[in-house]
Amino acid sequence: MTPVQPVRGTQSLLFEDADRLAAVVAAFDKVRRLYGFRRVEVPTIEPTAVFARTIGETTDVVSKEMYSFEDRGGESITLRPEFTAGICRAYLSEGWQQHAPIKVATHGSAFRYERPQKGRFREFHQLDAEIVGAGEPQADVELLSFADQLLKELGISGAILKLNTLGDPETRNAWRDALHEHFRGHASALSEDSQTRLERNPLRILDSKAHQDWPIVDSAPTIDEFLTGEAADFFGKVTEGLDAAGVAWERAPRLVRGLDYYRHTAFEFITDQLGAQGTVLAGGRYDGLIESLGGSHTPAVGWAAGIERLAMMIAAPEAEKPSAALVPLGEAAEAKALGIAANLRNGGMAVEIVSRGNTKKRMQRAAGSGARYAIVIGDNEIQAGEAQLKDLRSGEQRPVGFDSLLQALQS
Ligand code: ATP
Ligand code: MG
């Protein structure tokens with residue numbers, strides 16, 4: 001029988017590969033506390049409408065990438081392609097509004113039916129941070145500072161913050177009309193994908209991955225000509241705040257986010273170290289989203305980061321290893337070793353029991369475990385009530401009473 005294969009675009013990770021993801025999450029958890037973002041959990045599955053209504057029918061995510069299915073009750077369910085929509089659904093349906101504004105963070109799997117490649121999977125993992133119920137530019141600054149400090153905590157220096165504003169609805173509509181006119185003038189030279197975007201969502205052409213579109217994108221009007229006084233003022237406060245907080249940024253006047261609900265601030269942290277999959281963290285302000293879920297007007301801003309992409313950019317985490325390897329020699333010693341190991345582990349000491357092979361093999365395995373010490377127990381040691389504690393670095397060895405082992409290892 002051929003062995004069962006995994007679902008395309010999913011990952012099964014061993015040792016260092018898994019440790020890398022865990023290291024990213026640990027750094028996220030550390031930094032989120034410094035910024036006062038509380039943990040939340042949201043479901044992996046939501047009614048399809050949660051994503052269809054918020055992310056926008058014209059986006060790749062909704063039109064091509066969602067994992068949707070009918071459950072046994074006939075309801076259309078979707079595996080979350082991102083966290084924002086689910087958090088906003090919970091904000092409304094679970095009464096999280098009463099705590100507004102809320103600063104929240106979560107992480108976990110997300111699912112998109114995409115062509116798998118380096119840094120792009122069908123089940124991947126995201127970090128997510130959101131501030132819901134805050135319309136002040138200070139919220140954008142705090143959220144971006146959090147992202148910036150996270151990347152520093154991870155030791156990632158090669159990611160640049162690209163920043164843009166999408167303005168208020170008035171700005172966005174005027175810009176949209178101008179873009180429509182510009183791209184219509186070049187329609188025949190555009191890629192097929194962009195030609196379909198032309199009528200439905202011309203902003204998205206700016207996001208095109210097709211080379212043939214790029215010169216036409218480069219000559220497109222930028223949003224600056226259309227910013228209302230209010231929108232310009234908002235953006236100015238964000239950039240001033242970033243400067244005050246010491247967060248480096250670059251203006252990217254044609255940066256748009258794929259999702260339809262963005263207003264004002266839009267940003268991406270980009271690196272050239274991951275080939276085509278260069279966006280490690282992205283987000284923006286989505287003041288229109290909660291209304292599309294049936295809530296009242298609620299300003300909000302957030303970001304998501306691909307854990308796999310960050311994990312590729314960090315230094316390898318130190319491998320986990322025991323403090324001591326316990327080497328019992330003989331049957332009586334093997335029984336005794338179980339009690340000793342339990343004591344040491346209860347005392348907070350990581351211990352590995354090595355009980356395969358002959359004496360020489362066992363000592364080799366003890367050294368190979370990465371432990372600093374070997375605790376050797378044979379019949380003589382059981383009689384004397386003490387083990388041989390061997391420093392595997394210096395080779396020195398001394399007897400230590402069974403009851404004093406924890407203390408000896410702690411010192
Ligand atoms: P891309 O342009 O790379 O497709 P996106 O704009 O679709 O990204 P977002 O929806 O902003 O991505 O998701 C936030 C982050 O999640 C991305 O910046 C990226 O790091 C990560 N990400 C998105 N899709 C995938 C995927 N299929 N596999 C791995 N990571 C992903
Ligand atoms: Mg995508």
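Are Asp287 and Arg285 buried or exposed? Let me start there, everyone. Both Asp287 and Arg285 are buried, and their side chains meet in a salt bridge, with N to O at 2.9 Å. Please keep in mind that what we have on the screen is a predicted model.

Stay with Arg285 for a moment. Arg285 also forms a salt bridge with Asp140, and there the closest N and O atoms are 2.7 Å apart. That pair links distant parts of the chain: Arg285 sits in strand β10, residues 279–285, while Asp140 sits in helix α5, residues 137–153, and their positions lie 145 residues apart in sequence. Like Arg285, Asp140 is buried. Elsewhere, salt bridges that share partners join Asp29, Arg32 and Arg33 into one network. The count for the model comes to 19 salt bridges.

Here is one from that count that sits within a helix. Asp60 and Lys64 meet through their side chains in a salt bridge, 3.6 Å from N to O. Why are these two about one helical turn apart? Because they are four residues apart in helix α3, which covers residues 60–65. Asp60 is partly exposed, with a relative accessible area of 23%. Lys64 is partly exposed as well, at 49% relative accessibility.

Now back to α5, since Asp140 gives us a way into the helix packing. Helix α5 packs against helix α9, residues 229–245, at an angle of about 40°, and the axes are 9 Å apart. That angle makes α5 oblique to α9. For those of you who like handedness, the crossing of α5 and α9 is right-handed.

Which residues meet there? On the α5 side we have Pro137, Asp140, Val141, Leu144 and Ser145. On the α9 side they meet Phe234, Lys237, Val238, Gly241, Leu242 and Ala245. Sorted by character, the residues of this contact divide into seven nonpolar, two polar and two charged. So Asp140 turns up twice in this talk: in the salt bridge with Arg285, and in the contact of α5 with α9.

Next, a few backbone details that you may want to look at on your own screens. A cis peptide bond joins Ala100 and Pro101, with omega about -5°. Pro101 is placed in the loop between α4, residues 84–93, and β5, residues 102–111.

There are also positive phi values in residues other than glycine. Phe15 has phi near 50°, and its place is in the segment before α1, which spans 16–34. His264 has a positive phi of about 55°, and this residue is found in strand β9, residues 263–270. Their surroundings are worth a look too. Phe15 is exposed, with a relative accessible area of 64%, whereas His264 counts as buried, at 10%.

Let me finish with Arg345, in helix α12, residues 331–346. At 42% relative accessibility, Arg345 counts as partly exposed. What is Arg345 in contact with, leaving aside neighbours within four places in sequence? The answer is Val351, Glu352 and Ile353. And if you want a distance to try in your viewer, take Arg345 and Asp272: they are 73 residues apart in sequence and 45 Å apart in space, C-alpha to C-alpha.

That's my tour. Thanks for listening, and I'm happy to go back to any of these residues with you.

Technical notes. Residues numbered from 1 in each chain as written. Chains lettered and ligands numbered in written order. Predicted model: local features only at pLDDT ≥ 70, side-chain atom pairs only at ≥ 80, totals over all residues. Heavy atoms only, no water. Salt bridge = Lys/Arg side-chain N within 4 Å of Asp/Glu carboxyl O. Buried < 20%, exposed > 50% of the residue type's maximum accessible area, 1.4 Å probe, protein only. Axes fitted to C-alpha atoms, helices over the stretch in contact; angles between N-to-C directions. Parallel < 35°, antiparallel > 145°, perpendicular 65-115°, else oblique. Left-handed = near helix turned anticlockwise from the far one by under 90°. Contact = heavy atoms within 4.5 Å. Nonpolar A, V, L, I, M, F, W, Y, C, P; charged D, E, K, R; others polar.
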